[in-house]
Amino acid sequence: MSPHEQTGRPAQSDPERMRALAHPLRLALLDYLDGVGEATATQCARHTGETVANCSFHLRLLARYGFIEPAEPRGRERPWRPTVRGEPFAPDESVPGSLVAVVELAEVAVRQEAEAFISFLHERAGAGADLAGRPLPTAMTKDAFWATPDETEALMKDIGALFEPYIARVTDAAARPAGALLMRWFATSRPDLHTDPAPGPEA
């Protein structure tokens, strides 16, 4: 039984569960498993540069809070896999500490994604000759738009639907075409709290 089942709090707003994930290595491990589908502690250690023992400890903690679970054994190997991909988290004002926990988790995740993107750019620039002729699709977008909350929610759903066929390839290796790269996508949307809402045409 996971901690959020014991407390009866919804998993998406459980502060204890969110704080368990708000750790750079645990986020990196879950991110890696989300991308490859499943992996052993040894493979996780090779990917993150951490020791196998350290990865094993944090993988067990992720499993304790229901983020991952044991996958089908491969002989003597014991891989792990995510239980749910892209689990949403939302603050619940009725749950003490929920809002603060969401902020803490978001801060760790955003910093990690930003640092990973910057590291990629430096790595790509430093290995220019070795990567010459190799297609490395990279993009960074930054824009502003006006939309109601309902329109914004619909837009996010439409974007998510565009990704679904590609995300399905995470668990279906046979569906990956030759030359497919494991791509990383990170996007945010937020209202500008320092700009007044549009009054509408009738104004």
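Modeller: Helices here are DSSP runs of H or I with at least four residues, strands are runs of E with at least two, and both are numbered from the N terminus. The model is predicted, so local features need pLDDT of at least 70 and side-chain atom pairs 80 or more, while totals for chains, interfaces and linings use all residues. Residues count from 1 along each chain as its sequence is written, and side-chain values use heavy atoms, leaving out hydrogens and water.

Biologist: Okay, where is Ala198, and what is its relative accessibility?

Modeller: Ala198 sits in the segment after helix 7. It counts as exposed (over 50% relative accessible area; buried is under 20%, partly exposed in between, with a 1.4 Å probe and protein chains only). The value for Ala198 is 55%.

Biologist: How far apart are the C-alpha atoms of Ala198 and Pro70?

Modeller: Start with the chain: Ala198 and Pro70 are 128 residues apart along it. In space, their C-alpha atoms are separated by 50 Å.

Biologist: Let's zoom out. In what order do the elements of the protein chain run?

Modeller: There are seven helices and two strands to place. The C-alpha trace that carries them spans about 70 × 55 × 30 Å along its principal axes. From the N terminus on, the order is α-α-α-α-α-β-β-α-α.

Biologist: What share of the residues in the protein chain is buried?

Modeller: The chain has 203 residues to sort. The buried ones make up 24%.

Biologist: And what share of the contacts joins residues at least 24 apart?

Modeller: A contact means heavy atoms within 4.5 Å. Take the contacts in the chain between residues at least 6 apart in sequence. Of those, the share joining residues at least 24 apart is 58%.

Biologist: Now helix 3. Which residues of helix 4 make the contact with helix 3?

Modeller: Helix 3 (residues 24–36) packs against helix 4 (residues 41–48) at about 110 degrees, with axes 11 Å apart. That makes the two roughly perpendicular, a label for angles of 65 to 115 degrees, with under 35 roughly parallel, over 145 roughly antiparallel and the rest oblique. Helix 3 brings Leu25, Leu29, Tyr32 and Leu33. Its partners in helix 4 are Gln43, Cys44, His47 and Thr48.

Biologist: Which residues of helix 5 make the contact with helix 3?

Modeller: Helix 5 (residues 52–64) packs with helix 3 at about 80 degrees, and their axes are 10 Å apart. So helix 3 is roughly perpendicular to helix 5 too. From helix 3 come Leu25, Arg26, Leu29, Leu30 and Leu33. From helix 5 come Asn54, Cys55, His58, Leu59, Leu61 and Leu62.

Biologist: Which residues of helix 3 meet helix 6?

Modeller: The axes of helix 3 and helix 6 come within 10 Å and cross at roughly 65 degrees. This makes helix 3 roughly perpendicular to helix 6. On the helix 6 side you'll find Leu105, Val108, Ala109, Gln112 and Glu113. Across from them in helix 3 are Pro24, Leu27, Ala28 and Asp31.

Biologist: Is Thr141 buried or exposed?

Modeller: Look in the loop between helix 6 (98–126) and helix 7 (149–167), where Thr141 is found. Its relative accessibility is 73%, and therefore Thr141 counts as exposed.

Biologist: Last one: how far apart in space are Thr141 and Ala28?

Modeller: Ala28 is one of the helix 3 residues that meet helix 6. Thr141 is 113 residues from Ala28 in sequence. C-alpha to C-alpha, the two are apart by 23 Å.

Key. Axes fitted to C-alpha atoms, helices over the stretch in contact; angles between N-to-C directions.
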